Each structure stands twice: as C-alpha cells, then as structure tokens.
Amino acid sequence: GGGGGHEHGHDATLCDDPSHDHGGGHEHEHEAPDQGHAHGGGALHPGAAHGHGHDALPRVLMHNKHVGSFSLLRPGRAVEPLRFSRWMRRVASAKPHQVGTLYRSKAVLAVAGSSRKLAFHAVQDVMEKSFVGSWDETEEKGCKIVFIGKKLNRQYFESSFDDCLVPLRSPLRASHPTTPTPTGSGAPSPAAATPASTANSRSHCPVSGRLSDLVLDLPSANDSLLLWMVGLAPEMLYALTTHLPSVAVARLACTCTLLADALLSDTGAEGMQGAAVMGYAVAGGSSTALAFQPKDDPSLSGMRLHGLLPLPAIGAYVSAFRSTGVEVVPFPGLTFSSHAELEAAAVTLLELAEAGGSGTADVTDTPAGVGTAPAGGVGMPAGGGGTAFIVEFSWRAETLAEFFKAGPEASTRSALTKVEVYNEDQDEWDSLKFRLCLEPAHLSTATTELTGEAAIAAYAAAPVPA
C-alpha cells in the first residue's frame, strides 16, 4: 500500500506484510470526547470489531497524521553483531529534527555467527536486545523489524539498518564427506576436502574485512588429523583453536572447504566460544582470558578474539582498530572477560572510525575484572591530529566493594594512569596523567570547571546533603 492513511483491523505494530506501509498513519482526528467510532480486533482493541463512545475516556484521543509505522523484511540476511550494536547507539542518539521521533521499534533478527534468534525492542532511546531461542528448521531465517514514530525518515532507518546486514552464510560443501582416518592408519588422504588452491582460494574465503589479510604460515589443512577432528571430534578442534591467535584460525578456515564450514559456520563460532569458556573456567579466570589483544602488536598477529566473536565479525573490529590508529597503553594488553566488554570496545572503535578525526569521541566502560576493576577509555583528538589511546582506570577489589556498600553518597577515585605523548614543538616527551572520579551528582557542579588539585580540594570539601 501507499503512504496515505487507511483503515485496518489489525495492530500495525505486529504487521509484517511488506505490502502494508503504515507510514501515513490514520488520516482522521477525534476532536471531541463524545465522537464514537468503531475499531477492529487487534492488540490495542482485542476481540471482534465493536463500537463505543469516547465519553468514558478521561482525555481526548488524537490520531496525528504524521504518526505512522513501517516494517522491513530481509529474508536470507543477518545482522553483523558489532555493526548492529553500533547502529543501536546511533539510532538512540539521532536528532528528531533530522530523522523523526522514534516511539517504538521491535524486531526478530538472524545474527551472523549464531544459530539463535535475537529479539530487539526499543522505546524511544531505551533499547534492549536478547537471544530468545533457536530457529526452527522449517523457519525462513532473516530479519524483520517494525518502526513506529512521528515524521520518521524512512530512508535513514532503512539504509542505516541495511548497512548492518550480511548475507546468511551457506555451507561451501553440499554434504559432509566420509570421515577420514588419521594419517598413519593406512587410509588414503581425504580427497573430499578440497584444498584452498582450487575450490576455496582467497577469493572464496568468507572471512571479511582486514582479517583475511592477516595470515600466518601454517601447514596445509589437508593433514587428515584436522579433518578427522571435524568429522568425529569437533570439540577437539574447537579446543585447539583456544591456543591459537585469531589470524591463525582464520588462515586455517581458508585452507579447505571442510574446515571453512567447520570454523565459519554458526555451529563453529558457538563451538569455539564454548571451548574458550570451558578453558577459562578450568583456569579459574586467573591465567587466561576469553579474549585478548596484546600491546605493541601492530600486525595484530597475537590478537585472540574468537573466544567471544565469530571470525567474520573480528574483521569489523580489525578494520576499525586499524583505521583509528589507536595505541593500546595497558600492559600486557587488553583483556576481555565477557562479550559485553568486547562489544563496548568494538562499538567505540567503530564510532571513532566513522568520526574520521572530524571531532572528539570519548567513551568509558567498566568491565568486571578479577582482583581489579578496570575502566577503559578511548579518545580521538579533534581535527584528526595526534594519537588516540586506550587506557585503563583500575581500583582494588576491596575499594570497589566498600564503594558499593557505602550507598549513593559514596565517592571513589581510580589509580592514576599515564600516557606518554611526543611534543613536536618542544621536541620532548610529555607525560599526561589521568584519574577517573566517581562521585555523587551533587558534586558535579562544584568540580566540573576545576582541574588538578583545585578539583580534588573542592571534591573533598563539598558538603554532603542531609
């Protein structure tokens, strides 16, 4: 249908029919509380069609012609997890005079690298997402989303949402080959696994972004031990990947179609993440991390993120990290103990990459740690000059425990963190020190315009309200 007003007997918020465009809303207004009309059944008016007067309503109901809805159906497509998280933040902060006022949005989405459905729900700028179960074998996987609001810029929402989508990955092999026997048992080498030099060359390697260019010299995947793992003990293959950097696993996935299907599929991504969680639990969380990015590793050859992210999604992280030129300050590097921590870092990098140095972007995050509780910060200098840094603000575990126990009037300050910056004008290195202060809201006015010792003194002297 067109964008004009129309009457229908269903709830537009749940309408997935692409032929129905609810963009124009209802073209009538109820200007008097005694003006009766009829509604069909639906979520807002359950039951059969019925008529009633508006005398019982305490206020006048107004149907604005600028309020409407529209839905997007994208069968065979999935959201790329990091870019979708960035899209959520972008929509939440969009200016109403530019894109309209979003009242509500709901979606059921396929996610690249996951076999589960992702439910998305937004009420104005409050947005939530959660996995709600697996796709049934008879269901057509894809993305369905509904937008409801006033004067919505459909082109903006549609194009920005489509930028988050990637095609659903299909297996490179039509069927699983006969399970090969490990080398040395007398069985022939498995010709069923097509080598990368023929059917699965780099042009067919499904690893997106810069990750496919970060390769290590590994033996050919035609070694039948690896293929035996795929067929009989995939959990052994996934456990093996926990000891390899992500670029090595990506290279392994690009060597033959069988390993590509094993490591790049939804099952493979979830298998590697499960193996990482098990290894983390066995180690007690003290000697390893679910994901790690070393300091001073410009080639990213030591980066290990596949314990929390599907391999193709790591390509988005790598591209954003390299385009921003961010320098990792903490030693020995960045550790991530949950998907939420890694997602927060990735979304920040994507934001900085989008900014392109045209302004300033800052973010803080407080991930849970073992023994310490670091908070990460990333800053992009205005105008694109200088260097961006990732730093950590940390507290002792007992300090944070006391802070949370003390209640809403408590205050705390992190340990100092230091960044060395070369000053070209003075031909010397400057040492910049930062501290993160968490304080009650009534102190913000007293300290926001002060710096250094003056801010600390004002912070200490500010009265606590009774």
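Is arginine 86 buried or exposed? Select it and colour by accessibility: at 11% relative accessibility, arginine 86 counts as buried. Keep in mind throughout that you're looking at a predicted model. We'll come back to this arginine shortly, after a quick look at the whole chain.

**Stop 1: the whole chain**

Zoom out and show the cartoon. The protein chain has 13 helices and 19 strands. Of its 466 residues, 40% are buried. Switch on a surface and you have about 24300 Å² exposed, with carbon and sulfur atoms supplying 55% of that. If you draw a contact map, look at the pairs with a separation of 6 or more: 64% of those contacts are between residues 24 or more positions apart.

**Stop 2: helix H1**

Now select residues 81–92, which form helix H1. This helix has 12 residues and spans 17 Å from its first C-alpha to its last, close to the 16 Å expected at 1.5 Å a residue. Show side chains and pick out the buried ones: Pro81, Leu82, Phe84, Ser85, Arg86, Trp87, Met88 and Val91. So arginine 86, our opening residue, sits in a list with Phe84 and Trp87, among others.

**Stop 3: from H1 across to H10**

Add residues 339–355, helix H10, to the selection. What does arginine 86 meet over there? Its side chain forms a salt bridge with that of glutamate 351, at 3.5 Å from N to O. The pair links distant parts of the chain, with arginine 86 in H1, glutamate 351 in H10 and their positions 265 residues apart. Glutamate 351 is buried too, with a relative accessible area of 16%.

Next, click on arginine 89. This residue also forms a salt bridge with glutamate 351, and here the closest N and O atoms are 3.0 Å apart. Arginine 89 lies in H1 and glutamate 351 in H10, so this pair ties together parts that are 262 residues apart in sequence. Unlike the buried glutamate 351, arginine 89 is partly exposed, with a relative accessible area of 33%.

**Stop 4: a pair around strand S6**

Move on to glutamate 139 and lysine 117, and draw the distance between their side chains. They meet in a salt bridge at 3.0 Å, N to O. Glutamate 139 is in the loop between strand S7 (126–134) and strand S8 (142–150), while lysine 117 is in strand S6, so the pair ties together parts that are 22 residues apart in sequence. Glutamate 139 is partly exposed at 33% relative accessible area, whereas lysine 117 counts as buried at 18%.

Before leaving the charged pairs, hop back and select Arg86, Arg89, Arg90, Glu351 and Glu354 together: salt bridges that share partners join them into one network. Searching the whole structure gives 14 salt bridges.

**Stop 5: leucine 118**

Which strand holds leucine 118? Select residues 116–123 and you'll find it in strand S6. Leucine 118 is buried, with a relative accessible area of 6%. Measure across to serine 130: the two C-alpha atoms are separated by 5.6 Å, though the residues are 12 apart along the chain. Beyond its neighbours within four places in sequence, leucine 118 is in contact with Phe84, Ala107, Val108, Leu109, Val111, Lys129, Ser130 and Phe131. Phe84 on that list is one of the buried residues of H1.

**Stop 6: helix H3**

Jump to residues 154–162, helix H3, and show Tyr156, Phe157, Ser160 and Phe161, its buried residues. Turn the view to look down the helix axis. The buried residues fall within an arc of 115°, so they line one face of H3.

**Stop 7: an aspartate without a salt bridge**

Select aspartate 297, in the loop between strand S10 (291–294) and helix H9 (311–324). Side chains of opposite charge can pair when their charged atoms come close. Here, though, aspartate 297 is buried yet has no salt bridge, and the nearest side chain of opposite charge, arginine 322, is 7.9 Å away. Leaving out neighbours within four places in sequence, the contacts of aspartate 297 are Gly302 and Met303.

**Stop 8: serine 414**

Finish at serine 414, in the loop between strand S16 (412–413) and strand S17 (417–423). How accessible is serine 414? It counts as buried, at 1% relative accessibility. Show what surrounds it: outside the four places either side in sequence, serine 414 is in contact with Phe393, Ser394, Trp395, Arg435 and Leu436.

Note on methods. Residues are numbered from 1 along each chain as its sequence is written. This is a predicted model: local features need pLDDT of at least 70, side-chain atom pairs count only at pLDDT 80 or more; totals for chains, interfaces and linings use all residues. Side-chain values use heavy atoms; hydrogens and water are left out. Helices (H or I, at least four residues) and strands (E, at least two) are DSSP runs, numbered from the N terminus. Buried means under 20% relative accessible area, exposed over 50%, partly exposed in between (1.4 Å probe, protein chains only). Contact means heavy atoms within 4.5 Å. Accessible areas come from the Shrake-Rupley method with a 1.4 Å probe; for residues, only the protein chains shown count as cover. The arc is that of the directions from the helix axis to the C-beta atoms. A salt bridge is a side-chain nitrogen of Lys or Arg within 4 Å of a carboxyl oxygen of Asp or Glu. The expected span of a helix is 1.5 Å times one less than its number of residues. Lys and Arg count as positive and Asp and Glu as negative; His and the chain ends are not counted.
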